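Me: I'd like a close look at a single part of this model. Could you pick one helix and walk me through its surroundings?

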Amino acid sequence: MGSKTDSRHVRPSWDDYFMGIALQVARRSTCDRARVGAIIVKDRRILTTGYNGSPAGLAHCDEIGHLMVNGHCVRTLHAEQNAIIQAALHGVGVAGGTMYVTHQPCLTCAKMIINAGIRRVVFAGHYPDTHAVAFLQDAGVGLELHTVLAEEDELLSQDDEGRALEGG
């Protein structure tokens with residue numbers, strides 16, 4: 001017995017699917033300067049997730065405010081860092097995997113991605129760090145801009161109150 005298919009339903013590509021999950025992970029971020037989410041995937045399986053937030057057990061920006069140094073909030077770890085740390089903490093190998101992240105990685109995160117053996121990074125929002133791009137390219141890590149839907153794009157460019165993000 002066959003079933004009728006819904007011709008209006010469009011199944012998302014794997015990149016759309018995983019980027020959608022990274023965008024949801026970003027909603028857990030605790031610094032409103034940029035809500036960033038990252039997931040590491042291998043063989044179409046999610047290995048770890050990470051979002052920007054303070055180290056475990058310490059107060060978050062949402063609770064006590066930003067700790068600003070040279071125009072950047074340094075209270076938090078970046079989403080990419082947290083995803084890699086979670087893998088290390090739980091003994092999960094990420095070499096050969098793909099990282100989906102809501103914003104282009106910074107230079108420090110790019111170096112961690114390279115040393116973790118991640119082979120591909122798919123990102124949705126730009127971050128002005130040409131050194132990070134060069135490092136990833138020189139290391140042979142694929143870096144791909146992923147186009148998101150309009151409602152997802154809003155998550156990338158605004159804080160909780162609808163203000164444009166300042167970056168950093």
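Reply: Here is a tour of helix α3 and its surroundings.

Keep in mind that this is a predicted model. Helix α3 covers residues 79-89. Quite a list of its residues is tucked away: Ala79, Glu80, Gln81, Asn82, Ala83, Ile84 and Ala87 are buried. Those buried residues pack against β1, β2, β5 and α4. If you wonder how residues spread along a helix can face one side, here's the general idea: an α-helix has 3.6 residues a turn, so residues three or four places apart point the same way.

Let's zoom in on Gln81. Its relative accessible area is 10%, and the cut-off for buried is under 20%, so Gln81 counts as buried. Leaving out residues up to four places away in sequence, Gln81 touches Thr108, Cys109 and Met112. Now hop over to Cys109, which sits in helix α4. Cys109 has 0% relative accessibility, so this residue is buried too. With close sequence neighbours (up to four places) again left out, Cys109 touches His78, Glu80 and Gln81. The C-alpha atoms of Cys109 and Leu77 are 9.9 Å apart, although 32 residues separate the two along the chain.

Next, the greasy part. The largest nonpolar core has 19 residues, and Ile40, Met99, Val101, Ile113 and Ile118 touch the most other members. At least two residues each come from β1 (37-42), α3, β5 (98-103), α4 (107-116), β6 (120-125) and α5 (130-138). Helix α3 gives the largest share of this core, with 4 residues. A second, separate core has 11 residues, among them Ile39, Val41, Ala124 and Val148. Back at Ile40, the contacts beyond four places in sequence include Ala83, Ile84, Met99 and Ile118.

Helix α3 also helps line a pocket. The second largest pocket holds about 250 Å³ of space, and β2 (45-51) and α3 each supply at least two residues of its lining. Among the lining residues are Tyr51, His60, Leu77, Asn82, Ile85 and Gln86. Sorted by class, the lining has 5 nonpolar and 7 polar residues, with no charged ones. Asn82 turns up in two places in this tour: in the list of buried α3 residues and in the pocket lining.

Finally, look just past the helix. After α3 comes Gly91, with a positive phi near 70°.

So what should you take away about α3? This helix has buried residues that pack against β1, β2, β5 and α4, gives 4 residues to the largest nonpolar core, and supplies at least two residues to the lining of the second largest pocket.

Key:
Residues are numbered from 1 along each chain as its sequence is written. This is a predicted model: local features need pLDDT of at least 70, side-chain atom pairs count only at pLDDT 80 or more; totals for chains, interfaces and linings use all residues. Side-chain values use heavy atoms; hydrogens and water are left out. Buried means under 20% relative accessible area, exposed over 50%, partly exposed in between (1.4 Å probe, protein chains only). Contact means heavy atoms within 4.5 Å. On a 1 Å grid over the protein atoms alone, a cavity is a set of points where a 1.4 Å probe fits but cannot get out, and a pocket is an open set with protein on both sides within 12 Å along at least five of seven lines; lining residues have an atom within 4 Å of a point. Grid points are joined across faces, edges and corners, and a volume is the space filled by probe spheres set on the points. Ala, Val, Leu, Ile, Met, Phe, Trp, Tyr, Cys and Pro count as nonpolar, Asp, Glu, Lys and Arg as charged, and the others, Gly among them, as polar. A nonpolar core is a set of buried Ala, Val, Leu, Ile, Met, Phe, Trp, Tyr and Cys residues joined through side-chain atoms within 4.5 Å.
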